[in-house]
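Please open the model in your viewer and keep the selection panel at hand. The tour below goes from one selection to the next and says what is found at each stop.

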Amino acid sequence: MLSWNSSIAVKVVLKSESGQEIRRLVLPKGSSTSCFDFHTLLEERFGLPLSRRITYTDAEGDTVTCTADEEFHHALTSKVCTFCVAPQLKTDLREGWEIVDHPLVECAVASSRANNTVEWTTSINFWVNGKEVKMQNPSPSITLLDWLRETRALTGTHLGCGEGGCGICTVALVDASGKTVPINSCLRLLCAVDGCHIVNSQGLGSVKTGLHAVQRAIAEGNGSQ
């Protein structure tokens, strides 16, 4: 039986595009090691980013992904001694949680990078749910939220507090570097999304085309918004 505080030596399979490498790692905190502790040790010992995916094979032969401390503690107390560490999986827009890997977004990002020159202009060019939008002389005062609702009829994005506090106006923004971030569309001016890709709830999925994993989870959990 493992002591909760005794150190544990585990085998770590480091996977990359060039292959895999097997290393040994000592967990000083033993079974009380958290997921964050493990990620930190991987970063300090092997120089791996904190975003790496950690998996192990359980007694039934299933591959389990560790995303919470409870899962990691269960693995350690079950005497799992081998962990696989690999880059995060790229997922499709309708199947996973990562938006930036969707083909439509990749095309938008690639096009934006190719035209990423700084100059004075009276036009903006961006994408909304995979569709390119080109505008001449847009109003400098209109917000992204108002434009989405009033011009594009994308009313799945709502107005709540109007101050960026409630989150009901949140949309996903992919910038020219490919980074995806949530933004408050009630505070973001339309002119400030030039070169970006905007995805709102209606761009994720629908009952007709298939729900996104986030939408499905909210529906199954009786979420209010």
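In which strand is Thr55 found? Select Thr55 and you are in strand S3, where strands (E, at least two residues) and helices (H or I, at least four) are DSSP runs numbered from the N terminus. This is a predicted model, in which local features need pLDDT of at least 70 and side-chain atom pairs count only at pLDDT 80 or more, while totals for chains, interfaces and linings use all residues. Residues are numbered from 1 along each chain as its sequence is written, and side-chain values use heavy atoms, with hydrogens and water left out.

Stay with Thr55, which is buried at a relative accessible area of 7%; buried means under 20% relative accessible area, exposed over 50%, and partly exposed in between, with a 1.4 Å probe and protein chains only. Leaving aside neighbours within four places in sequence, Thr55 is in contact (heavy atoms within 4.5 Å) with Thr63, Val64, Thr65, Phe83 and Cys84.

Next, widen the selection to the sheet with the strand order S2-S1-S5-S3-S4, an open sheet of five strands with mixed pairing; two strands pair if DSSP finds at least two bridges between them. S2 and strand S4 (63-65) stand at the edges with a single partner strand each, so one side of each is left without a neighbour in the sheet. Neighbouring strands of this sheet are turned by 30° against each other on average, direction ignored, where axes are lines fitted to C-alpha atoms, for helices over the stretch in contact, and angles run from 0 to 180 degrees between N-to-C directions. Within the sheet, S3 and S5 run antiparallel and are joined by three bridges, and Ile54 has Val85 in S5 as its bridge partner. Now add H1, which packs on the sheet and touches S1, S2, S3 and S5, its direction making about 115° with that of S2.

Then colour the largest nonpolar core, in which Val10, Leu25, Phe38, Leu42 and Phe83 touch the most other members among 21 residues; such a core is a set of buried Ala, Val, Leu, Ile, Met, Phe, Trp, Tyr and Cys residues joined through side-chain atoms within 4.5 Å. Its largest share, five residues, comes from H1. Centre on Leu25 and, not counting residues up to four places away in sequence, you will find that Leu25 touches Ile8, Ala9, Val10, Val12, Phe38, Leu41, Leu42, Arg45 and Phe46. Apart from this core lies another, of 16 residues, including Leu144, Leu154, Val193 and Ile198.

Move on to the sheet with the order S7-S6-S10-S8-S9, which is also open, with five strands and mixed pairing. Strand S7 (131-136) and strand S9 (180-184) are at its edges, each with a single partner strand, so one side of each lacks a neighbour in the sheet. Strand S8 (residues 170-174) pairs with S9 in the antiparallel sense over five bridges, and Val171 stands opposite Ile183 in S9.

Two loop residues make the last close-up. Asn137, in the loop between S7 and helix H4 (144-150), has a positive phi near 50° although the residue is not a glycine, and Asn137 is exposed at 58% relative accessible area. Ala153, in the loop between H4 and S8, has a positive phi of about 60° and is exposed at 52% relative accessibility.

Finally, zoom out to the protein chain, whose secondary structure comes to six helices and 10 strands, and in which buried residues make up 36% of the 225 residues.
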